[in-house]
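Hi,

Here's the structure I said I'd pass on. Have a look at it first, and then read my notes underneath.

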Amino acid sequence: MTLKECKKEEKADREFQKKFKFEGSINILTQMMVDPAATEKRGGGKNLPLRRGEILDVIQFTNQDQILCRNSQRRYGYVPRAVMLHL
C-alpha cells in the first residue's frame with residue numbers, strides 16, 4: 001500500500017468514527033454475506049448500499065434490526081440483519 005492510499009484509509013476511518021459516533025479502534029468482528037435472494041438497495045444517509053452476494057465486514061452488532069458494516073470499497077453503514085447470512 002502506498003502512503004497516499006494509507007492516508008486516504010485513515011481519513012475514511014476518522015470520518016466514519018465522527019459520523020457514527022464510534023469510539024475506539026475499528027475491529028472486524030466477522031464477515032457476513034448479503035443474501036443472494038435479497039433485493040438490491042441504493043443506501044443513503046447512514047445505510048450501506050447492498051449488492052446481492054456481497055461480503056461485508058461486520059464492525060458492530062448495533063441492535064436486533066441492524067448491523068454496522070464495511071464493504072469492499074471501505075464505505076461504512078447500517079445493514080438490516082434480515083438480509084445477512086453467516087459465511
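Below is what turned up, starting with the annotation and moving on to the aromatic rings and the pocket.

One thing to keep in mind: this is a predicted model. The UniProt record, an unreviewed entry, puts a domain called "Helically-extended SH3" at residues 16–85. Over that stretch the chain is 6% helix and 34% strand, and the C-alpha atoms at its two ends sit 24 Å apart.

Now the rings. There are four aromatic pairs in the structure. In one of them, Phe16 and Phe22 have ring centres 5.2 Å apart and planes at 40°, so the pair is tilted. Phe16 also pairs with Tyr76, and here the rings are stacked, with 4.1 Å between the centres and 20° between the planes. That second pair joins distant parts of the chain: Phe16 belongs to helix α1 and Tyr76 to strand β4 (residues 76–80), 60 residues apart.

How buried are these rings? Phe16 has a relative accessibility of 3%, Phe22 comes in at 13% and Tyr76 at 11%. Each is under the 20% cut-off, so Phe16, Phe22 and Tyr76 count as buried. Together with Phe20 and Tyr78, they form one aromatic cluster.

Tyr76 and Phe20 show up again in the largest pocket, where they are among the residues nearest the centre, along with Lys19, Gly45 and Arg75. The pocket has a volume of about 220 Å³ and a lining of 14 residues: six nonpolar, four polar and four charged. Helix α1 (residues 3–19) gives the largest share of that lining, with four residues.

Cheers

Terms used:
Residues are numbered from 1 along each chain as its sequence is written. This is a predicted model: local features need pLDDT of at least 70, side-chain atom pairs count only at pLDDT 80 or more; totals for chains, interfaces and linings use all residues. Side-chain values use heavy atoms; hydrogens and water are left out. On a 1 Å grid over the protein atoms alone, a cavity is a set of points where a 1.4 Å probe fits but cannot get out, and a pocket is an open set with protein on both sides within 12 Å along at least five of seven lines; lining residues have an atom within 4 Å of a point. Grid points are joined across faces, edges and corners, and a volume is the space filled by probe spheres set on the points. Ala, Val, Leu, Ile, Met, Phe, Trp, Tyr, Cys and Pro count as nonpolar, Asp, Glu, Lys and Arg as charged, and the others, Gly among them, as polar. UniProt positions are given in the numbering used here, feature names are shortened, and annotations may be inferred rather than shown by experiment. Rings of Phe, Tyr and Trp (its six-membered ring) pair if their centres lie within 6.5 Å; planes under 30 degrees apart count as stacked, over 60 as edge-to-face and the rest as tilted. Buried means under 20% relative accessible area, exposed over 50%, partly exposed in between (1.4 Å probe, protein chains only).
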